[in-house]
Amino acid sequence: RGGTPDYDEAGWNHYVETHRKADPGLSDKGRQQAKLLADYLIPHIENQASHPIRIITSPMRRTLETIRPTLEGLQQTTTLRDLHPKVHIIVCAFYHESEGCHIKDKPEEGMNPDEIRELLKNCVQNVEGDIEFVGFPDPNRGW
């Protein structure tokens with residue numbers, strides 16, 4: 001509503017300063033939309049994708065939280081190809097917003113590989129072997 005007479009710029013700036021996160025997760029609506037996306041994608045992926053399914057994703061929290069319901073649902077499906085891992089996730093640190101994680105002009109690290117593995121632990125059969133990290137120069141630090 002910026003530009004209208006009742007727009008409260010000071011209130012908006014205060015809200016941003018007190019609630020802004022460098023690498024935010026999904027809102028409640030975003031989680032609902034991620035579930036709807038999973039409901040749509042799972043049957044299509046199961047019937048049409050080669051196996052193992054390869055998912056390439058950004059390391060940003062909201063991106064990982066968006067694909068997580070789809071990945072969890074794929075782990076619960078059964079196919080004749082269950083002898084092999086169902087999903088191989090490639091987390092590419094080169095895929096992020098142009099300025100990365102930051103609050104105002106202060107850059108902050110995103111999640112590190114261990115934090116991402118923890119977030120995705122229910123999405124793969126083998127958390128160490130089924131999640132690959134690309135572009136993380138230091139495995140102990142965020143991207």
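**Exercise 1. Helix against sheet**

Across which strands does helix H3 (residues 61–76) lie, and at about what angle does the helix run to S1?

Solution. The model is predicted.
Step 1: Find helix H3 at residues 61–76; the helix lies across S1 and S2.
Step 2: Take the direction of H3 relative to S1, which comes to about 170 degrees.

**Exercise 2. The chain as a whole**

Describe the secondary structure of the chain and the order of its elements.

Solution.
Step 1: Count the elements: there are four helices and five strands.
Step 2: Go along the sequence to get the pattern α-α-β-α-β-β-β-α-β.
Step 3: Turn to burial. The chain has 143 residues, and 36% of them are buried, where buried stands for under 20% relative accessible area.
Step 4: Look at the contacts with a separation of 6 or more; 79% of these are between residues 24 or more positions apart.
Step 5: Add the surface. The accessible area is about 9,300 Å², and carbon and sulfur atoms contribute 51% of that surface.

**Exercise 3. The three-stranded sheet**

Work out the strand order of the open sheet and name its edge strands.

Solution.
Step 1: Write down the order, S1-S2-S5; the pairing is parallel.
Step 2: Identify the strands that pair on one side only. These are S1 (53–57) and S5 (131–134), the edge strands.
Step 3: Note the angle between neighbouring strands of this sheet, which averages 20 degrees with direction ignored.
Step 4: Examine one pairing. Strand S2 (residues 87–92) is joined to S5 by four bridges in the parallel sense.
Step 5: Locate a residue pair in the sheet: Ile90 has Glu132 of S5 as its bridge partner.

**Exercise 4. A salt bridge within H2**

Determine how Arg31 and Asp28 are placed relative to each other in helix H2, and whether each is buried, partly exposed or exposed.

Solution.
Step 1: Begin with the total for the whole structure, five salt bridges.
Step 2: Check one of them. The closest N and O atoms of Arg31 and Asp28 are 2.3 Å apart, and the cut-off for a salt bridge is 4 Å.
Step 3: Place the pair. Both residues belong to helix H2 (residues 28–48), and because they are three residues apart, about one helical turn separates them.
Step 4: Compare accessibility with the classes. Arg31 has a relative accessible area of 43% and is partly exposed, while Asp28, with 56%, is exposed.
Step 5: Recall the general point: side chains of opposite charge can pair when their charged atoms come close.

**Exercise 5. A salt-bridge network**

Which residues are linked with Arg117 in a network of salt bridges?

Solution.
Step 1: Start inside helix H4 (residues 113–119), where Arg117 and Asp114 are three residues apart and so about one helical turn from each other. Their side chains form a salt bridge with an N to O distance of 2.9 Å.
Step 2: Follow Arg117 to its salt bridge with Glu128, at 3.7 Å from N to O. Glu128 lies in the loop between H4 and S5, so this pair ties together parts eleven residues apart in sequence.
Step 3: Assign the burial classes. Arg117 is buried, at 17% relative accessibility, whereas Glu128 is exposed, at 54%.
Step 4: Put the pairs together: Asp114, Arg117 and Glu128 are linked in a network.

Technical notes. Residues are numbered from 1 along each chain as its sequence is written. This is a predicted model: local features need pLDDT of at least 70, side-chain atom pairs count only at pLDDT 80 or more; totals for chains, interfaces and linings use all residues. Side-chain values use heavy atoms; hydrogens and water are left out. Helices (H or I, at least four residues) and strands (E, at least two) are DSSP runs, numbered from the N terminus. Buried means under 20% relative accessible area, exposed over 50%, partly exposed in between (1.4 Å probe, protein chains only). Contact means heavy atoms within 4.5 Å. Accessible areas come from the Shrake-Rupley method with a 1.4 Å probe; for residues, only the protein chains shown count as cover. Two strands pair if DSSP finds at least two bridges between them. Axes are lines fitted to C-alpha atoms, for helices over the stretch in contact, and angles run from 0 to 180 degrees between N-to-C directions.
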